[in-house]
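Colleague: I am new to this structure and should like to understand the terms by which it is described. May I see it, and may I then ask what stands behind each term?

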Amino acid sequence: MGPANGAAAAPKTLVMENTEKRDALIAYEKKYQKKWQDEKVFETNPPTLAECSGTTGPEMWEKYPKFMGMMAYPYMNGVLHAGHAYTLSKVEFQAGFERMLGKRALFPFGFHCTGMPIKACADKLTREIEMFGQNFDENVPPEEEEAVVAAAAKTDPTKFRATKGKAAAKKGRGKYQFEIMLQLGIPREQVHKFADSSYWLEFFPPLCKEDCNDFGSRIDWRRSFVTTDANPYYDAFVRWQMNSLKALNHVKFGLRYTIYSPKDGQPCMDHDRQSGEGVNPQEYTGIKIKVLEWPAAAKEVLDKAAFNPDGKTVSLIAATLRPETMYGQTCCFVSPNINYGLYEISETEYYICTPRAARNMAFQKITPVRGEAKLVTEISGKTLIGARINAPLSVYPEVRLLPMDTILASKGTGVVTSVPSDSPDDFATVTELAKKPEFYGIEKEWASLDPVPIISTPTYGDMTAVALVKELKIQSPKDKDALAKAKEIAYKDAFYQGTMIIGKYKGEKVEVAKNKVKEDLIAAGDAFVYNEPEGLVMSRSGDECVVSLEDQWYMDYGEEEWKNQTLSLLNNINTYTSESRHAFEKVLDWLKNWACARSYGLGTRLPWDKQYLVESLSDSTVYMAYYTIAHYLHGDIYGKTRGLGDIGVDQMTDEVFDYLFCRAGYPKNTTIPEATLTAMRREFEYFYPLDVRVSGKDLINNHLTFFLYCHVALFPKQFWPRGVRTNGHLLLNNEKMSKSVGNFLTLKEIVKKFGADCARIALADAGDTFEDANFDEANANAMILRLYTMREWCENQMENLDKLRTGSKDSFLDRAFENEMNVLVEATETNYKLTNFKAAIKTGLYDFQAARDYYREAASYEGGMHRDLVVRYIETQALLLTPVAPHFAEYLWLEVLKKPETVQSALFPKISKEIDNGLTAALEYVRDVSRSIRETEGANIKKQKKGKAVTFDPKKPTKLTIYVALSYPGWQEQYLDLVRDAFDSVSLKFSPELTQKVQKLGDMKRSMPFVNHLKYRLTGGKESPEVVFNRKLAFDEVETVRAALPILQRSVGSESIEAYVLSEGSASAKNILSGEEAPIAFAKEAEAAVPGTPGIALVNA
């Protein structure tokens, strides 16, 4: 898969070497993938009538619970990439876990082909075949060799080198569509086939299916389909959907502003865009500022163009979001660096604005001829400066046109009204102009008109801009960040809190008066409604889009009753993250009408107006319901063969769909057997509602919100979806994925490179939040060795079971290991239930393996591991990994453990006995003490290296002495009280004054370690406040030390070990093993001992 634009920066992805272990893992992955497909493991059906006589979902779920999850079906103009794999993995892991809870888990998958992209690419290829021949090898323009000057320290600065490698050069630069196809890996001699848009639908879906299968996906492929009329059954479904929405009055026809491609001659919706997805029309009020007197330079330009302004009305058009502030205009701004156009609107009326604005106006019934803005002449903003003008509503009958360098030609009309009382930008600019009139080539008095009070707010009075410029210490128009902040504050403060103090609506709130002033200006002929895209939008055909006022069919999203119903659904749906919920709330707040039809591309014809196609974001809102019955309708993704129901396309009437999905009455005149319709309805009512739909978070702005709206409109409430999960984008090695820099992987490449399971684990480890995640190739690569090594160990243990210890499992280590496995099983189950797959991998793989490693090492000092626990570990490890790494789990399950059936049918493991929190604390204690012993040895070695007088020699035999305290020293009580008073048991936080109070009591050297230990136990150790403050340990420390003596002795390989129990105030201590009293040999270490933290002395024997 070559870089998309042919750039040949060396690949930034990991280069694999020595792949024998990976290849061994992949070999059994292929084996089990074939087994699962052959045995149809993932074909999921509702319970039969023999299994359950109930007909409604709740009746069937009581005995046979279900799960249905899916991802947004991918677009078939290429193969799946790592980002798709990340989204896919979220459904895949969840479906795998739900199966293990005993549910019938359905994961269907379709292929989206609707819209412009495929058709636009096919049409480009048709043109390129005409230009370059069928094999694209005739008259192709030569590429311009890209060259760079390398750094002098590395190469000869007099030489140039190309940035493209040979492989990239052969595939081309990506300028032409055929070059892009070559980069996709399509052989040159086959590229011409893609000039037929239908060929895309034949070529890419099978590749997508193959890649998903190689990934080990649990997909029921019987239910798959392509969209558009290429599948006549799905085509009928979309017609039903649109007819139903129209009957409910949710589809309407009329003039509305929409993003539009003049080149394509149709609205350009989100999926039709090369860039600018999510950009909507922005409405302005176009203010007509009449020119009363022209500067000499401007007259010269007009004379050259043979334009006589006498008897004509020429207006500068200023686009404003704040028409209510027009009373305060003291001048008007143009940029001296922009070339404007003078455009004819009628024989007597002309507008001045930027060419971009004029192009937008030409599609909004403002110019005489649609799509044409008749240019009289170009005119530089510089020549217009000083013009005498009339600004509508201004208290000043005449003002001047002044320069403003910060105006952009890419936003608005290039003409800006100036209201220095309420606009910080305007006030800063006129202040600057008045200071330096000669520099700007103006008269000082032109910029010296007093600001006019027009709006009063409680915060800033009646001169908001003046107050904010002073408050934020803005010195000039160059203080861009501060001005942006001031602008935002000024607008919000005026709109929400401001009151008009001038004009016809004096005394009214700004938010009320705003539209009234706007309507008055329009009625007086001094303004008009003007729209433009909020940002740059490029269509797939390479056209810069405009806003057009179109007669069109549109979805009436935002209609109050429909919106409120959708909000009620949102309030009851699982969005998985609060960020996702807030994003939906924001979109529901602003989303309005959405054009649902266009004239170009692939798709379903609008049933009642067949000149139009249903656009790609409108035919894909409820298709998840279609999954439930698809296999009854067709036996292949194109609908060429009939499905289980032996149903013809013409039999799938709207009445039939109503019966299946909406609990409508039995369809009249249907020729479909009643038993077939009953079975199809049973499929729908068993699997619906959808449990989760997973998509990228960028689809909240359209696709996912439409999904909510349309389910509310079309289905009874009991079938409304239960969950929507949105994820961020996927980074690759902590960088944005980019073909041009070589940091890009397809799903096929990931699986080939690391194997399915290692790729899946790395995807789980990438993250689960609303924020962007990161696929780390180093993690995936490291997983190969981890799984391979674990496989070998498991095989070895099962082959040598007779060599493992048997009998009772009541030693401290046995009990602790079994208990720790149970703890991790519970934690992993919780993580899976919360769909926190990163955390599930931590507890279910990394921590679970670490528990085994500790047990294996520690048990080697006490007769080795117990056979039953080893077998339980292997079995449980297989089950914990099944949702994420099913191939590896299947290998352990079938090949190592010799189980009779696939692990895909196994249930999630249960704990073997109740969890013992005391035993958990005791094991953690032993690990902590072992760590402290090693740290003591390290500290002794460090002192020796620094030349300090120490008698310790690590090369000689050592003796380890441990002192266990049964009670706390009296001095600690006051610090315990401080911690108790400072601790909040709800937030698990401490008041900020705690450290200061500890300092006041003094003895910081001794007290702070103690305080920090208490804080750790309450937060990191997660012990209950009752246990910590009542000075009780959750386990018997003396018995734990007695049981763990061999483990502790091996921590540093000591020759001998002694452990003593201390009594407060006594000069002797009792030996834990013999019970004999002995003098305290290491007073300092003994004094440091407290319950839970023993004193440790390590000396040469």
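**Terms and the values behind them**

Modeller: Let us begin with a loop: Arg663 is placed between helix H22 (654–662) and H23. Please keep in mind throughout that this is a predicted model.

Colleague: What makes Arg663 partly exposed?

Modeller: The relative accessible area of Arg663 is 37%. Buried means under 20% and exposed means over 50%, so Arg663, at 37%, falls in between and is called partly exposed. Its phi is near 60°, a positive value in a residue other than glycine.

Colleague: Where does Asn249 lie, and why is Asn249 called partly exposed?

Modeller: Asn249 is in the loop between helix H9 (232–247) and strand S5 (251–261). Its relative accessible area is 48%; as the class between buried and exposed runs from 20% to 50%, Asn249 is therefore partly exposed. Phi of Asn249 is near 70°, again positive in a residue other than glycine.

Colleague: What is the extent of the whole protein, and how many helices and strands does the protein have?

Modeller: The C-alpha trace spans about 120 × 80 × 70 Å along its principal axes. The secondary structure consists of 38 helices and 36 strands. Of the 1101 residues, 54% are buried. The accessible surface is about 47600 Å², and carbon and sulfur atoms hold 50% of that surface. Among contacts with a separation of 6 or more, 76% are between residues 24 or more positions apart.

Colleague: Why are H3 and H26 called roughly perpendicular to each other?

Modeller: Helix H3 (residues 82–100) packs with helix H26 (residues 756–765) at an angle of about 95°. Angles of 65 to 115 degrees count as roughly perpendicular, and therefore this pair receives that name. The two axes are 10 Å apart.

Colleague: Which residues make that contact?

Modeller: H3 contributes Ala85, Tyr86, Ser89, Lys90, Glu92 and Phe93, while H26 contributes Arg760, Leu763 and Ala764. By class, five of these residues are nonpolar, one is polar and three are charged.

Colleague: What makes H26 oblique to H29?

Modeller: The axes of H26 and helix H29 (residues 837–859) cross at roughly 120° and come within 7 Å. The roughly perpendicular range ends at 115 degrees and the roughly antiparallel one lies over 145, so an angle of roughly 120° belongs to neither and H26 is oblique to H29. On the H26 side the contact is made by Ile761, Ala764 and Asp765, and on the H29 side by Phe837, Lys838, Ile841, Leu845 and Tyr846. These residues divide into six nonpolar, no polar and two charged.

Colleague: How do you know that the aromatic pair of Trp36 and Phe42 is edge-to-face?

Modeller: A search of the whole structure finds 69 aromatic pairs, and Trp36 with Phe42 is one of them. The centres are 5.8 Å apart, and the limit for a pair is 6.5 Å. The planes stand at 65°; planes over 60 degrees apart count as edge-to-face, which means that this pair qualifies.

Colleague: Are Trp36 and Phe42 buried or exposed?

Modeller: Trp36 has 1% relative accessibility and Phe42 has 4%. Both values are under 20%, so both residues count as buried.

Colleague: Why does Met68 count as buried?

Modeller: Met68, in strand S1 (residues 66–71), has 0% relative accessibility. As buried means under 20%, Met68 therefore counts as buried. Beyond residues up to four places away in sequence, Met68 touches, among others, Leu106, Met624, Phe687 and Tyr688.

Colleague: Which residue is joined to Tyr688 by a cis peptide bond?

Modeller: The partner is Pro689, and omega is about 10°. Pro689 is placed in the loop between helix H23 (674–687) and strand S25 (692–696).

Colleague: What makes Ile1096 a buried residue?

Modeller: Ile1096, in strand S36 (residues 1095–1100), has 13% relative accessibility. That value is under 20%, so Ile1096 counts as buried. Thr961 is 135 residues away from Ile1096 in sequence, yet their C-alpha atoms are 5.9 Å apart in space. Apart from neighbours within four places in sequence, the contacts of Ile1096 include Val929, Ile933, Leu960 and Thr961.

Notes
Residues are numbered from 1 along each chain as its sequence is written. This is a predicted model: local features need pLDDT of at least 70, side-chain atom pairs count only at pLDDT 80 or more; totals for chains, interfaces and linings use all residues. Side-chain values use heavy atoms; hydrogens and water are left out. Axes are lines fitted to C-alpha atoms, for helices over the stretch in contact, and angles run from 0 to 180 degrees between N-to-C directions. Helices (H or I, at least four residues) and strands (E, at least two) are DSSP runs, numbered from the N terminus. Angles under 35 degrees count as roughly parallel, over 145 as roughly antiparallel, 65 to 115 as roughly perpendicular and the rest as oblique. Contact means heavy atoms within 4.5 Å. Ala, Val, Leu, Ile, Met, Phe, Trp, Tyr, Cys and Pro count as nonpolar, Asp, Glu, Lys and Arg as charged, and the others, Gly among them, as polar. Buried means under 20% relative accessible area, exposed over 50%, partly exposed in between (1.4 Å probe, protein chains only). Accessible areas come from the Shrake-Rupley method with a 1.4 Å probe; for residues, only the protein chains shown count as cover. Rings of Phe, Tyr and Trp (its six-membered ring) pair if their centres lie within 6.5 Å; planes under 30 degrees apart count as stacked, over 60 as edge-to-face and the rest as tilted.
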